[in-house]
Amino acid sequence: MTSKLLLIFAALYSKLVAGVDFYVATDGSDSNAGTSAGAAFQTLPKAQQAVRQVTKGMTENITVHVGPGIYTLSTPLKFSADDSGQGGFTVAWVGQNALISGGRKVTGWTAGSNGVYSASVPSGVKSRNLYINGQASNYARRKINRKDFSYTSTSMKWTSGSYDWLTSTAGIADAEVRFINSFADRYAPIKAAANRELVMEQNTWFNQNWGYDTISKPNADFGVWVQNALALLTEGGQFYLDSGAGKVYYKPLSGEKIESVDAYLGILETLVVLGGSYDNPVHDISFEGLSFAHTTWLQPNSIGYIDQQTGGNICENKTYDTSNFESTRPNWCQMPSAIQISAAKNIFFSGGNYTQLGAGGIGIGNDANAHITGVGLGATNVAVRDGYFSQVMGNSITAGGIRADAHHPSDNRMINSRLEISGNIFRNVSSLFSSTVPILATYIQNSLISHNDIYIAPYSGICIGYGWGSNDAGGSSEYVNRGLYKYQPQYTTPTVMQNNRIEGNLIHAYGLSHTDLGAIYTLSKSPSTYITQNYAFDSNVGFGVYTDEGSNSYIIQNNILLSSGSWYARNGVNTANNTITGNFGKSGPSMSGNTIVSDISKVSADAKKAADRAGVLPERRGNRPVSNPK
Ligand SMILES: *[C@@H]1O[C@H](CO)[C@@H](O)[C@H](O)[C@H]1NC(C)=O
Ligand SMILES: *[C@@H]1O[C@H](CO)[C@@H](O)[C@H](O)[C@H]1NC(C)=O
Ligand SMILES: *[C@@H]1O[C@H](CO)[C@@H](O)[C@H](O)[C@H]1NC(C)=O
Ligand SMILES: *[C@@H]1O[C@H](CO)[C@@H](O)[C@H](O)[C@H]1NC(C)=O
Ligand SMILES: *[C@@H]1O[C@H](CO)[C@@H](O)[C@H](O)[C@H]1NC(C)=O
């Protein structure tokens, strides 16, 4: 063959194998063709436009190569059917050390008094999140003692002169109070302070004070802080944003040098949206090795955060039927995520870092209120694999919704099915909304949650199910008594939740700031759902597997549950028809078919093998600090 022919064959071959390629680089230009590394686009929206031109009738995969560096978005990247792979081919967005940021870098710090530094940002910029060297700063805040206050329907009052500083704190009328309870983490905005009374914003204060684990009657008390006023900025690691004046204030941690901090304000609430309609879903798109960072969530500024459980919150500024808290339950919202996937099929995220996110990380098929497209649910064949999650303030991954269409869909295309969350690392997440979790999966089916590493988590590790059994066929006697069915149907048919596998996960150092939790926590009926070969340890109060209200028909087998908290716990009515065998526990009940051991060396050879293989493959942990891995 002549060398010319060889070249032609080589070109043809590379076209067959590689498909259509686009390139994006931070030093590229949007006036380039974008079709070679040397003529890369500069922005992701430009690459998205180019892809859209060629998806129709595509006959090979399209790959967008995103080069190293930070790509700052001014609006969320929204993908719909037009951006989707056609004819069975895929559009792959592939990153090489590329970070998609929703933030604003903060530089030019100047020293003020008491070790506090400030930097200018455009006035009017809003954010509830400052990230320093990849970690969330806390709000400027001062601790108070819950028991030193009395709680009325409009205010919190004190009698001791030792709290009179509250009245004279500048900016107190724009500040808030945070309460960490047993399973709830509540944020309540302040309206005014005078006469030994903090008058609180309504209707959020009213809604904070009914239901369960409330401000005045918490099931447990893990602290109360008055926060988010400049005058309260006294400790290292705290910040305050004066939006009107366009100034960020931060006091470095001891040992931290302000000249060298990497500081970002989270500005966008949403980074990437994959959302179609049920008729025309988004599909066949993958994201490989891309990282995501720097978001915020502003809702707590206006109506606070009226936490009910794992991101479910009362989100409307009204009082419902004031005679019964149950009137709120069918109307809760979900905390939104930075990446939102709904009305979607064949969507794959692999690798990459998900860090410094101010609310949830990835929301898959959540209720409509948690998707900026306004179309929720409907996720089929969606996977998140091999990612690294850290410093995500809400649930790192929320799969499924909590409202009526999530458990009893009015359209079958709303069902969330064939979701996979596997091989991910979750390390030190949920610090600002400490009652959220690494993985919440609600009403989903035919799904897999496997071989994830989960550690340094304030509440549960993995939560499965929602609804406390109240939406299961026949309802729940508990919720008959509470009066829920005055406000929603008592269903006669089962929810869509079934046939899921939670297996081989490694969960340790969990339950650090709450109680009433488990390494794996379940709610409601989920037939043919297997919880197997998970290895949990190193929690003082956290249970191993916790089947809470209505948990029914789970198969809980061959888990190794060696925390100090009971290896198994159950609570509430209809917690029945669960198969619990072959598990090893350290403390807690003796149950036939299960074994109590003093430590890991005493479990069976098979269980030891499962424990060794739990979580990600060891090489994936790399040099990330793993506290006490085995
Ligand atoms: C197209 O991409 C898919 C998904 O990554 C892959 O399975 C398939 O092999 C690719 N096809 C070709 C021709 O490269
Ligand atoms: C992802 O995190 C790892 C460390 O955990 C780091 O080495 C890598 O550079 C990060 N990638 C990006 C794109 O930020
Ligand atoms: C976890 O992250 C928070 C900030 O969000 C930080 O203050 C804390 O030190 C971290 N904990 C560990 C064990 O890394
Ligand atoms: C909520 O409603 C009350 C009146 O019921 C109003 O005073 C308040 O300003 C509203 N809050 C927000 C954030 O809209
Ligand atoms: C009991 O659980 C098993 C396993 O999940 C399930 O197949 C069966 O249908 C359940 N029985 C009832 C009566 O719910």
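When I say that a residue is around a ligand, I mean that one of its heavy atoms lies within 4 Å of that ligand. With that in hand, let me take you through this structure, which is a predicted model, beginning with ligand 4.

The residues around ligand 4 are Gln202, Asn203, Ser302 and Asn317. Sorted by class, this shell comes out as four polar residues, with no nonpolar and no charged ones. Two of these residues make side-chain polar contacts with the ligand: an N or O atom in the side chain of Asn317 is 2.4 Å from an oxygen atom of ligand 4, and for Asn203 the corresponding distance, again from a side-chain N or O atom to a ligand oxygen, is 3.2 Å. As for cover, ligand 4 has 370 Å² of accessible area on its own, and the protein covers 40% of it.

Let me stay in this region a moment longer, with Thr204, which lies in helix α4, residues 204-208. Is Thr204 buried or exposed? Its relative accessible area is 3%, and because buried here means under 20%, Thr204 counts as buried. The side chain of Thr204 reaches the backbone oxygen of Ile303 at 2.9 Å. Once neighbours within four places in sequence are left aside, the contacts of Thr204 are Pro189, Ile303, Gly304, Ile306 and Asn317, and Asn317 is also one of the residues around ligand 4.

Turning to ligand 3, we find Gln135, Ala136, Gln391, Arg427, Asn428, Ser431 and Ile456 surrounding it, which by class gives two nonpolar, four polar and one charged. Polar side-chain atoms approach oxygen atoms of ligand 3 from Gln391, at 2.6 Å, and from Asn428, at 2.4 Å, while a side-chain N or O atom of Ser431 is 2.7 Å from a ligand oxygen. Of the 360 Å² of accessible area that ligand 3 has on its own, the protein covers 55%.

Ligand 5 has Lys525, Pro527, Ser528, Ser553, Ile555 and Asn577 around it, a shell of two nonpolar, three polar and one charged residues. Which strands supply at least two residues each to this shell? They are β43, residues 525-532, and β46, residues 552-557, with β43 giving the most, namely three residues. Lys525 uses a polar side-chain atom, 2.7 Å from an oxygen atom of ligand 5, whereas Ser528 comes to 2.8 Å through a backbone N or O atom, and Ser553, likewise through a backbone N or O atom, lies 2.7 Å from a ligand oxygen. Taken alone, ligand 5 exposes 360 Å², of which the protein buries 50%.

Finally, the interior. In soluble globular proteins, nonpolar side chains tend to be buried together. Here the largest nonpolar core has 101 residues, and those with the most contacts inside it are Trp93, Leu274, Ile341, Phe349 and Ile364. Strand β23, residues 282-293, contributes the largest share of this core, five residues. To take one of those well-connected residues, Phe349 is in contact, apart from its neighbours within four places in sequence, with Leu274, Phe287, Phe292, Ile339, Ile341, Tyr354, Ala383, Val384 and Arg385. There is also a second, separate core of 27 residues, which includes Val116, Phe149, Met156 and Phe179.

Methods. Residues numbered from 1 in each chain as written. Chains lettered and ligands numbered in written order. Predicted model: local features only at pLDDT ≥ 70, side-chain atom pairs only at ≥ 80, totals over all residues. Heavy atoms only, no water. Polar contact = N/O pair within 3.5 Å; in protein donor to acceptor, adjacent residues only side chain to side chain. Areas by Shrake-Rupley, 256 points an atom, 1.4 Å probe, with all protein chains shown as cover. Nonpolar A, V, L, I, M, F, W, Y, C, P; charged D, E, K, R; others polar. Helix = DSSP H or I, 4+ residues; strand = E, 2+ residues; numbered from the N terminus. Core = buried A, V, L, I, M, F, W, Y, C linked by side-chain atoms within 4.5 Å. Buried < 20%, exposed > 50% of the residue type's maximum accessible area, 1.4 Å probe, protein only. Contact = heavy atoms within 4.5 Å.
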